[in-house]
Amino acid sequence: MNSSDHLTLDAKARKVAVLGAGSWGTTFSKILADGGADVALWARRPELAREITESKRNSDYLPGINLPRSIRGSSSLEKVLDGAEQVFLSVPSQTLRDNLKAVRDLVPHDAIVVSLMKGVEKGTGYRMSEVIEQELGIGDDRVAVVSGPNLALEIAKEQPTAAVVSSANLATATLVAMTATNPYFRSFVNTDVIGTEFGGVLKNLIAVAIGIVDGVGYGENTKASIITRGLVEMTDFAVAFGGRAETLAGLAGLGDLIATCESSLSRNNTAGRLLGQGYTFSDVVKQMNQTAEGLSSVAPILELALSKGVEMPIVSQVAEVLAGTMDPRDIAPHLTTDPMPQGE
């Protein structure tokens with residue numbers, strides 16, 4: 001790529017829209033603005049949009065963080081999407097389809113659409129990029145996904161991290177990665193959308209398991225065993241659906257898994273910890289201020305695994321704890337469902 005190509009790429013992707021002003025949508029808006037983009041952020045509630053625009057704060061989701069001056073908040077989808085060259089979606093995964101129906105006619109016809117979400121759709125098992133393609137009627141060359149070890153609050157505090165941007169079209173991934181790069185956030189690229197998306201979904205389920213054993217009071221050996229065997233389950237699953245094993249060993253798999261399992265900031269980890277301490281599933285949902293995507297992904301992922309004959313003993317045990325049919329204390333001792341010693 002010569003320098004003039006670089007300038008074209010760099011200048012092209014300036015006007016961006018972010019839909020969803022929760023902690024991750026707001027943080028990603030900051031990443032984009034700090035990388036030089038002109039950012040319009042859609043918030044469902046007008047008062048939150050006003051706080052973002054006037055005070056440069058989002059005190060509900062990112063307390064204490066000052067947002068860049070260039071971010072504009074709005075509760076009007078028309079305003080936010082007007083002229084956007086890249087549209088970043090950060091809404092709860094189970095509401096994505098309905099949200100897309102509302103914006104179908106507002107998304108500029110040549111815009112790249114980027115998923116910041118980590119989930120699969122209940123009932124269909126579709127990945128977020130598939131839902132985007134279906135509802136907006138666009139080709140996979142205009143869709144990208146972002147995943148990696150990305151705990152929102154740490155990034156909002158400008159602690160350095162990396163992510164991977166994936167698209168079937170490498171040029172699309174590169175354009176989005178250049179837009180989502182700044183001094184504290186580096187974007188890498190790949191073309192394995194399946195592996196990248198499933199990595200982001202599956203690590204949440206393993207993080208719930210880690211939270212459960214943490215809540216029970218088990219230590220580091222137990223957690224290391226679950227992380228390692230959990231990565232095997234994640235990889236087997238992703239490969240069965242057409243993903244690449246090396247993607248799961250990268251930022252979207254192992255990287256994200258470590259961050260989510262290690263962090264008390266992780267909602268999935270927190271949800272698991274409450275389960276491990278003996279709270280019921282409905283208690284946990286009531287206590288959580290934000291969505292723990294892992295809880296809603298367990299059932300659809302196990303259905304998909306069954307359809308391909310992939311064994312997922314750890315995820316199956318999480319499902320049993322959620323259903324109240326397994327004592328959280330019993331989750332770690334059977335890291336496999338087979339009593340015979342197996343090859344690693």
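Me: What makes the meeting of domain 1 and domain 2 an interface, and how much area do they bury between them?
Reply: In this predicted model, domain 1 and domain 2 bury about 2200 Å² between them, with 62% of that on carbon and sulfur atoms. The value is an area lost by the two parts on being put together, summed over both, so it describes both sides at once. Lys118, Arg127 and Leu151 supply 27% of what domain 1 buries against domain 2, more than any other three residues.

Me: Which stretches of the chain are these two domains, and how many residues of each are in contact?
Reply: Domain 1 covers 9-191 and domain 2 covers 194-330. Their C-alpha centres lie 24 Å apart. On the domain 1 side 29 residues are in contact with 27 residues of domain 2; contact here requires heavy atoms within 4.5 Å.

Me: Why is the pair Lys118 and Asp256 called a salt bridge?
Reply: Happy to set it against the rule. The closest N and O atoms of Lys118 and Asp256 are 2.8 Å apart. The cut-off is 4 Å between a side-chain nitrogen of Lys or Arg and a carboxyl oxygen of Asp or Glu, so the pair qualifies. Across the interface of the two domains the rule finds 2 salt bridges, along with 5 residue pairs in polar contact.

Me: Which elements supply the side of domain 1 that touches domain 2?
Reply: Helices H6 and H7 and strands S6, S7 and S8 each supply at least two residues. S7 gives the most, with 4 residues. By type, that side of domain 1 divides into 12 nonpolar, 12 polar and 5 charged residues.

Me: How do you know that Ser187 is buried?
Reply: Its relative accessibility is 7%, and buried means under 20%, so Ser187 counts as buried. Ser187 sits in strand S8. Setting aside residues up to four places away in sequence, Ser187 touches Ala163, Val165, Ala177, Ala180 and Thr181.

Me: What makes the approach of Ser187 to Ala180 a polar contact?
Reply: The side chain of Ser187 reaches the backbone oxygen of Ala180 at 2.7 Å. The limit is 3.5 Å for such a pair of N or O atoms, so the distance fits. Ala177, another residue that Ser187 touches, is among the buried residues of helix H8.

Me: Why is Thr235 called buried?
Reply: The relative accessible area of Thr235 is 17%, and the cut-off is under 20%, so the label holds. Thr235 belongs to helix H10 and touches Ala245 and Leu248, not counting residues up to four places away in sequence. A polar atom of the Thr235 side chain lies 2.7 Å from the backbone oxygen of Leu231.

Me: What makes helix H13 mostly covered?
Reply: Of the 10 residues in H13, 7 are buried. They are Asn268, Asn269, Ala271, Gly272, Leu274, Leu275 and Gly276. These residues pack against helices H9, H12, H14, H15 and H16.

Me: What is found at the start of H13, and what just after H13?
Reply: At the start, a side-chain oxygen of Ser266 reaches to within 3.3 Å of the backbone nitrogen of Asn268. Just after H13, Gly278 takes a positive phi of about 105°. At the start of H8, a side-chain oxygen of Asn169 reaches to within 2.8 Å of the backbone nitrogen of Ala171.

Notes. Residues are numbered from 1 along each chain as its sequence is written. This is a predicted model: local features need pLDDT of at least 70, side-chain atom pairs count only at pLDDT 80 or more; totals for chains, interfaces and linings use all residues. Side-chain values use heavy atoms; hydrogens and water are left out. Domain bounds come from an automatic or database domain assignment. Buried area is the accessible area (1.4 Å probe) that two parts lose on being put together, summed over both. A polar contact is a pair of N or O atoms within 3.5 Å; within protein, one must be able to donate a hydrogen and the other to accept it, and residues adjacent in sequence count only if both atoms are side-chain atoms. Ala, Val, Leu, Ile, Met, Phe, Trp, Tyr, Cys and Pro count as nonpolar, Asp, Glu, Lys and Arg as charged, and the others, Gly among them, as polar. Buried means under 20% relative accessible area, exposed over 50%, partly exposed in between (1.4 Å probe, protein chains only).
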